[in-house]
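Student: Could you take me through one part of this model in close detail, and show me how it sits among its surroundings? I'd be glad of one connected account.

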Amino acid sequence: MTPSVKTEPAGVPGPALSKAVRIHAFGSPDVITLEDIERPTAMEGEVLVQVKAAGVGPWDAWIRAGKSAMPQPLPLTLGSDFSGIVEAVGPSVTQFRRGESVFGVTNPRFVGAYAEYATAAASMIAKKPARIADVDAASVPVVAVTAWQALFDHGQLQPGQSVLVHGAAGNVGSYAIQFARHAKLNVIATATGVDVDYVRSLGANQVIDFRMERFEGIARDLDAVIDLVGGETQQRSFSTLKPGGVLVSTVSPPDQELASKQGVRALFFLVEVNTERLERIAAAIDANELAPSVGTVLPLAAARTAHEMLEGTRPHPRGKIVLRVDT
């Protein structure tokens, strides 16, 4: 018997298709494929964006490998950070209009951005900073908001206070140093020898080469530590804090017993991207107070290569990896 084939009636076009980077199983970068999928539709509280660039972050690799902290039904389109142009708005969305340039994060699941078209929660995007290109804007959202929240929402730092930033040459650390400088904080940072000058150029008052010196022998009586490294570095950081100080980690939950013995607070948090925080960051970029750092730009079709860079099997320079989307 000849199998039946579903066809569209004559003169009726099929669904609009667009390219997307997908996975159908969790695993290594080899599970990544570039496919044609039906163009998504903006639902309640969403916008449809023509993506111009998508940022690549470690959380994308965790999702791809099946290590996400939240359920991720398959198949899925990878990616959260993006910059692009509003193509359509869903019901109840009044703050954005078709044709506006926006940047931000797709949704709370952090999926869907590695694509020619993506839907995004209107509450997780903002107008793109005017002075930077889409590739730069796509590198910003998650890491810059993480740095802001660590310093000010959780660290509650005020002008004149002192902070130690670990992993200062990384994508979150570089924003933390810049935010801290403009907030008139006394900034101490740790980095490796090759990155010391770079971190100093971002505005750190003092940079410690952690391979040459023990930071706890230099940094004392601090108001806060921003831990972007974890492990032994996190444990050793408690002794640098003054009583009542705070250790804020984006990596792992700190030892609460040790924090209690030291008379300090300690916490771990997950980033919460929203329009208000993105607007604040965009204003800082447009005021030339904040400079994005893009290290590698690849075409959308090279998403697997980007993930190999995340895994460390391919070298890449300091700075964010970004996928350029040509539509």
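Tutor: Happy to! Let's begin with a cut-off: a residue is called buried when its relative accessible area is under 20%. Keep in mind that this is a predicted model. At 7% relative accessibility, phenylalanine 179 therefore counts as buried. Tryptophan 148, at 18%, is buried as well by that cut-off.

These two residues are a good way into helix H3, the part I'd like to look at closely. Their rings have centres 5.3 Å apart and planes at 80°, so the pair is edge-to-face. Tryptophan 148 belongs to helix H3 and phenylalanine 179 to helix H4 (residues 171-182), so the pair ties together parts that are 31 residues apart in sequence. Phe152 joins them, and Trp148, Phe152 and Phe179 form one aromatic cluster.

Next comes the packing of H3 against helix H8 (residues 275-286), where the axes are 10 Å apart and the angle is about 100°. The two helices are therefore roughly perpendicular to each other. On the H3 side, the contact is made by Pro141, Ala144, Val145, Trp148, Gln149 and Asp153. Arg277, Leu278, Arg280 and Ile281 make it from the H8 side. Trp148 thus appears in this contact and also in the aromatic cluster. By type, the residues of the contact divide into 6 nonpolar, 1 polar and 3 charged.

One of the charged residues deserves a closer look. Arginine 277 sits in helix H8, and with 15% relative accessibility it counts as buried. Leaving aside residues up to four places away in sequence, arginine 277 touches Val145, Gln149, Asp153 and Glu272. There is also a contrast between sequence and space here: arginine 277 and glycine 263 are 14 residues apart in sequence, yet 31 Å apart in space, C-alpha to C-alpha.

Now to the nonpolar interior. The largest nonpolar core has 87 residues, and those with the most contacts inside it are Leu151, Val163 and Val199. Helix H3, which spans residues 141-154, gives the most to this core, with 9 residues. Apart from this core lies another, of 13 residues, including Phe215, Ala219, Phe238 and Ala259. Valine 163 shows what the surroundings in the 87-residue core look like. Residues up to four places away in sequence aside, valine 163 touches Leu151, Leu157, Ala180, Leu185, Asn186, Val187, Ile188, Ala224 and Ile226.

For context on the aromatic side, a search of the whole structure finds 3 aromatic pairs. Another of them joins tryptophan 59 and phenylalanine 110, with ring centres 6.5 Å apart and planes at 75°, so this pair is edge-to-face. Tryptophan 59 is in helix H1 (residues 58-64), while phenylalanine 110 is in the loop between strand S6 (101-105) and strand S7 (117-121), 51 residues apart. Both tryptophan 59 and phenylalanine 110 are buried.

To return to where we started: H3 holds tryptophan 148, paired with phenylalanine 179 of H4. H3 also packs against H8 and gives the most residues to the largest nonpolar core.

Notes:
Residues numbered from 1 in each chain as written. Predicted model: local features only at pLDDT ≥ 70, side-chain atom pairs only at ≥ 80, totals over all residues. Heavy atoms only, no water. Core = buried A, V, L, I, M, F, W, Y, C linked by side-chain atoms within 4.5 Å. Buried < 20%, exposed > 50% of the residue type's maximum accessible area, 1.4 Å probe, protein only. Helix = DSSP H or I, 4+ residues; strand = E, 2+ residues; numbered from the N terminus. Contact = heavy atoms within 4.5 Å. Axes fitted to C-alpha atoms, helices over the stretch in contact; angles between N-to-C directions. Parallel < 35°, antiparallel > 145°, perpendicular 65-115°, else oblique. Nonpolar A, V, L, I, M, F, W, Y, C, P; charged D, E, K, R; others polar. Phe/Tyr/Trp six-rings, centres within 6.5 Å; stacked < 30°, edge-to-face > 60°.
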